[in-house]
Amino acid sequence: MNNPTPFHSGELKVQQRAKEASIAQRNGTAISHLIIPGAIPFIAQQNMLVVTSVDHRKKVWVSILIGDAGFVSAPDPESIVIDTTKLLTQQSDIFWRNIKVNAQIGLLAIELSTRRRLRVNGTISQLNQTRFKINVEQAFPNCPKYIQRRSLDISSPKSSADLPPVLTGHYLTNKHIELIQNADSFFVGSANTSFSNSDNKKVERSQNQIELLSCDASHRGGFPGFVEVIDGKTLRIPDYRGNSMFNTLGNIENFPFASIVFIDFENLKILQLSGRAKILWDQHDPTDKTAGTRRFWTLAVDDWQETTLPDAVNWKLLDYSPHNPRETKNTQQTIRRLELKVEKIEQKSKRVKLFRLVSQKGELLPAFEPGAHLPIEINLSTGEKVKRHYSLLSSSHDNRFYEIAVQLEAQGRGGSMFIHQQITVGSTITSGQPQNNFPLSPISGHTILIAGGIGITPILSMLRKLSEEKRSFEIHYAARNPSEFIFFKTINSLAGDKASFYHSSGPSPKRLPLQKIMESAPGHSHLFICGPARMINSARTLTEGLNWSHSRLHFESFGATNSADDKAIDVTLKKSARVIKVKPTETILDALIKSNVPIPFDCKRGECGMCATKIISGQPEHRDIYLNQDERAQQICVCVSRAKGSQLTLDL
Ligand code: FES
């Protein structure tokens, strides 16, 4: 029997035209009519929801709801409840009027500080005076790319009763345009209806006969400036690569009305725009605004609403998404790539080599900030072209050369093997511009640096800067044994008695006392940690236990790699009654894909949660940095995690 597709005609049409139908089909397996068990506690932790609704004229609106702890909950996998007594945003928002005429809504639960998110489409009904229930029709994880991390704190819950009234209008003001042009994020609302033709005039003629089928709320992000206001009334947005499902563009394909909401995080304003949307295919894109898709969409604004948030709401930008595309200012796109020559290679330990890279043309190299990495292009022996990311460890104040350190991973995906075996002094390396998703923010307080193994590379660049600027810091460096302490002398000379070293084997082992370090950290300090997934997960767990705010923990994992100790696993798929043999050298995900088992995935690094799968039995060995403690009891990210034993049964 064929599986019915979870996509409607508009989505299928856009997927086909973008040539991403097969990826969409694969990722569509994540769409369920129930909320997965692991997402139920996640919903209850949220202070913010993004909701899409449709008004009596069939105009689409997307709204932001913010509430005190407990304002939203999922009492069971089929429903979500909103308690309006805990709401901090204004109940004069158009959402509350719209749901009286159209019960279909789209909902996005998104935690910006962790980039975790869940999309739900369904119908809303009023339970009593203060409680509304959403009956779930579709639930699925949203694409985490392009989400800027922001903490949201609600200092002292306060009534929204004394907030200024909602402002409305048709023409954007200069202030609105300024907000839009500087935005790094927005949310988009769209709808699918019984009307499936994008001819605007026909829509107007038959507005009353149109049956609303579903709504959707989604996130969009990029570096400030990614949204253009092209004629004072029309916004143009690049459509970057996402999860290939095209829920928003698919809706626009069928029903050309949509809505966008911007949050003015500084001034605590919300700007909602409602208008007509249009997809622009195969556009001339000389500066690569679309990061290769050559696809834009526009929203011609018909109406706007501006509301004010209570001043109890505090947002803080933590970092930009590492996936945000950068526009090429020079129309010659070659500026995006760097041709580098290997000037020096040094064996730093048995498995780690240091490479010093200079410009092939003898020029100064583009500046970077500590925490940045170089995306290096590699041609694997299989003929496959891949990108591997290596942290820059040289001083960010010296742009005559870059230095990276590469650890040989015998069980890895081939990148480190290629670099160790094929790259010699004089070789040419092609790389993208330095990118930074782990920036050392200019915090005035104390900084704690923690590195595990090869995770020292971005930390070393941070250490150089903190030391040069004479800022308050301490550094903790853990390795398996003393022979693996690369840059030992450099760290000692930069940090002196602020440096502590730990090793788990060899003479006089001393383990990293993570809990003690975090417990005794001054209240204003920030922790930057880079190392294996289990080290980062310990820090994340402690953050929760010690009541640290999310904004104080900054981490980067160098990805979970296979280890020489990995064993073969028999993975039993309960629903399809199959047993998949996973070799020690492959991931569970790779074995599933090879066996044509449909499973959604994206990052393949244990970071996005797309491949999280319910465990029926067996003991998982978690290597991801996505799932939290509660979720780990029930789910496994099959792209990186394995089993402690030789058997695992999954709900597939
Ligand atoms: S694919 Fe991203 S966590 Fe597995």
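This short presentation walks through selected residues and elements of one predicted protein model.

Good morning. I shall begin with confidence, since the coordinates come from a prediction. The protein chain has a mean pLDDT of 88, and 93% of its residues reach 70 or more. One stretch calls for caution: across residues 330-335, pLDDT stays under 50. For that stretch the model has nine contacts beyond four places in sequence. Where pLDDT is low, the predicted coordinates should not be read in detail.

Let me turn to the cysteines. How many disulfides does the structure hold? The count is zero. Two cysteines may be mentioned here. Cysteine 215 has a relative accessible area of 1% and is therefore buried. Cysteine 611, with a relative accessible area of 3%, is buried as well.

My next subject is arginine 540, a residue of helix H12, which spans residues 533-545. Arginine 540 is buried, yet it has no salt bridge. Which side chain of opposite charge is nearest to it? That is aspartate 624, at a distance of 5.5 Å. A salt bridge would require a side-chain nitrogen of the arginine within 4 Å of a carboxyl oxygen, so a separation of this kind does not qualify. The side chain of arginine 540 does, however, reach a backbone oxygen, that of isoleucine 625, at 2.6 Å. Isoleucine 625 also appears among the residues that arginine 540 touches, together with Leu553, Phe555, Tyr626 and Leu627; residues up to four places away in sequence are not counted there.

A second helix deserves attention, namely H7, residues 247-254. Why may H7 be described as largely enclosed by the rest of the structure? The reason is that eight of its eight residues are buried. Among them are Leu249 and Ile252, but also Glu253 and the asparagines Asn247, Asn251 and Asn254.

From helices I pass to a strand. Isoleucine 429 sits in strand E23, which covers residues 428-432. Is isoleucine 429 buried or exposed? Its relative accessibility is 6%, and so it counts as buried. Leaving aside residues up to four places away in sequence, isoleucine 429 touches Leu338, Glu339, Leu340, Val342, Leu357, Ile376 and Ile423. Valine 342 lies 87 residues from isoleucine 429 along the chain, while their C-alpha atoms are separated by 7.4 Å.

Glutamine 421 offers another case, this time in helix H8, residues 415-422. Its relative accessibility of 54% means that glutamine 421 counts as exposed. Between glutamine 421 and leucine 408 there are 9.6 Å from C-alpha to C-alpha, for a spacing of 13 residues along the chain.

Finally, I come to backbone geometry in two loops. Most residues other than glycine have a negative phi, and most peptide bonds are trans. Lysine 58, by contrast, has a positive phi, near 70 degrees. The residue is placed in the loop that joins strand E1 (48-54) to strand E2 (60-66). With 11% relative accessibility, lysine 58 counts as buried. Arginine 294 also has a positive phi, of about 55 degrees, although it is not a glycine. Its loop runs between strand E15 (269-280) and strand E16 (296-308). Arginine 294 has a relative accessible area of 41% and is therefore partly exposed.

To close, I would recall two points. Arginine 540 is buried without a salt bridge, and helix H7 has eight of eight residues buried. Thank you for your attention.

How values were computed: Residues are numbered from 1 along each chain as its sequence is written. This is a predicted model: local features need pLDDT of at least 70, side-chain atom pairs count only at pLDDT 80 or more; totals for chains, interfaces and linings use all residues. Side-chain values use heavy atoms; hydrogens and water are left out. A disulfide is a pair of cysteine sulfur atoms within 2.5 Å. Buried means under 20% relative accessible area, exposed over 50%, partly exposed in between (1.4 Å probe, protein chains only). Helices (H or I, at least four residues) and strands (E, at least two) are DSSP runs, numbered from the N terminus. Lys and Arg count as positive and Asp and Glu as negative; His and the chain ends are not counted. A polar contact is a pair of N or O atoms within 3.5 Å; within protein, one must be able to donate a hydrogen and the other to accept it, and residues adjacent in sequence count only if both atoms are side-chain atoms. Contact means heavy atoms within 4.5 Å. pLDDT is the predictor's confidence in each residue, from 0 to 100.
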